[in-house]
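User: Please take a close look at one part of this model, the open sheet, and then at what else the chain builds. Keep it brisk.

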Amino acid sequence: MTSRPAAGGGRWVEVDPARVGRWVEGFADRHGPHTTTKREYGLLLTAADGATAELYAPPGAPVGGDVPGFVAAAVTPRRIGLLLARKGAVAVGVAQGADLVVSKVDTRYVQGRTAAGGWSQHRFARRRDNQAKAALGDAADLAVRLLLPEAAALTAVVCGGDRKAVDTVLADRRLAPLVPLRAERLLDVPEPRHAVLVAAVAAARAVRIRLRDPAPD
């Protein structure tokens, strides 16, 4: 389980789907009995002391009307696509449940920024832009080969890395069938490598919980 501050208050907690039931029991132990309300994103738990927990269904999972239904849907194995892009590196994969069953990582050199000035700086900037465009073109080709044939079987496509890079890849017209499957959340990942792609499977399946403590007296 991971935890980090949430913009606008509270904190985000990420929980493995199999542990969500136990987490809810702990929430009740800490804050007292709670009511459960179904929302578009998942479930809202409101405790007797004023604490709240927003449980967001993982990408591709239906929203159950109560905690047992939510957990059952979250733990059910789903087939999801993964697209991680950052600078000149891309990782594309398909996961069945917790297992990465298809994967490919590609790295292409993109020149770093230069401190040089004048025409030299402009020349390096143009070269860098061209290298970045070529790298993202390769990334789109990779997504076409690995993800497009799976489109009908995927319940979601989870992306990570640099949003602009991901948006550029998915702007390729060939990948239009994947756009409606794209999950809203963008995974925060380092430069894509195979190990990063493997870790992204667990992150994509996790239940995100926005926890707000009761207001002080």
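Analyst: Start with the open sheet of this predicted model. The sheet has 6 strands, in the order β1-β2-β11-β5-β4-β3, and the pairing is antiparallel. Two strands stand at the edges: β1 (2-5) and β3 (34-38). Each has a single partner strand, so one side of each is left without a neighbour in the sheet. Direction ignored, neighbouring strands are turned by 20 degrees against each other on average.

Now one pair within that sheet. Strand β4 covers residues 42-47 and strand β5 covers residues 52-56. The two run antiparallel, joined by 5 bridges. In this pair, Thr46 stands opposite Thr52 in β5. Strands of a sheet pair through backbone hydrogen bonds.

A helix packs here too. Helix α2 (residues 67-75) lies across β3, β4, β5 and β11 (207-212). Its direction is about 140 degrees to β4.

Elsewhere, the chain pairs strands in parallel. Strand β9 (residues 156-161) and strand β10 (residues 182-187) run parallel, with 3 bridges between them. Val157 stands opposite Arg182 in β10. From β9 the chain crosses through α4 to β10, and this β-α-β crossover is right-handed.

The connecting helix deserves its own look. In α4 (residues 163-170), the buried residues include Ala165, Val166, Val169 and Leu170. Seen down the axis of α4, its buried residues fall within an arc of 130 degrees, so they line one face of the helix. The general rule behind such a pattern is simple. An α-helix has 3.6 residues a turn, so residues three or four places apart point the same way.

Notes: Residues are numbered from 1 along each chain as its sequence is written. This is a predicted model: local features need pLDDT of at least 70, side-chain atom pairs count only at pLDDT 80 or more; totals for chains, interfaces and linings use all residues. Side-chain values use heavy atoms; hydrogens and water are left out. Buried means under 20% relative accessible area, exposed over 50%, partly exposed in between (1.4 Å probe, protein chains only). Helices (H or I, at least four residues) and strands (E, at least two) are DSSP runs, numbered from the N terminus. The arc is that of the directions from the helix axis to the C-beta atoms. Two strands pair if DSSP finds at least two bridges between them. A crossover is right-handed if, with the strands pointing away from the viewer, the path from the first strand over the helix to the second runs clockwise. Axes are lines fitted to C-alpha atoms, for helices over the stretch in contact, and angles run from 0 to 180 degrees between N-to-C directions. Contact means heavy atoms within 4.5 Å.
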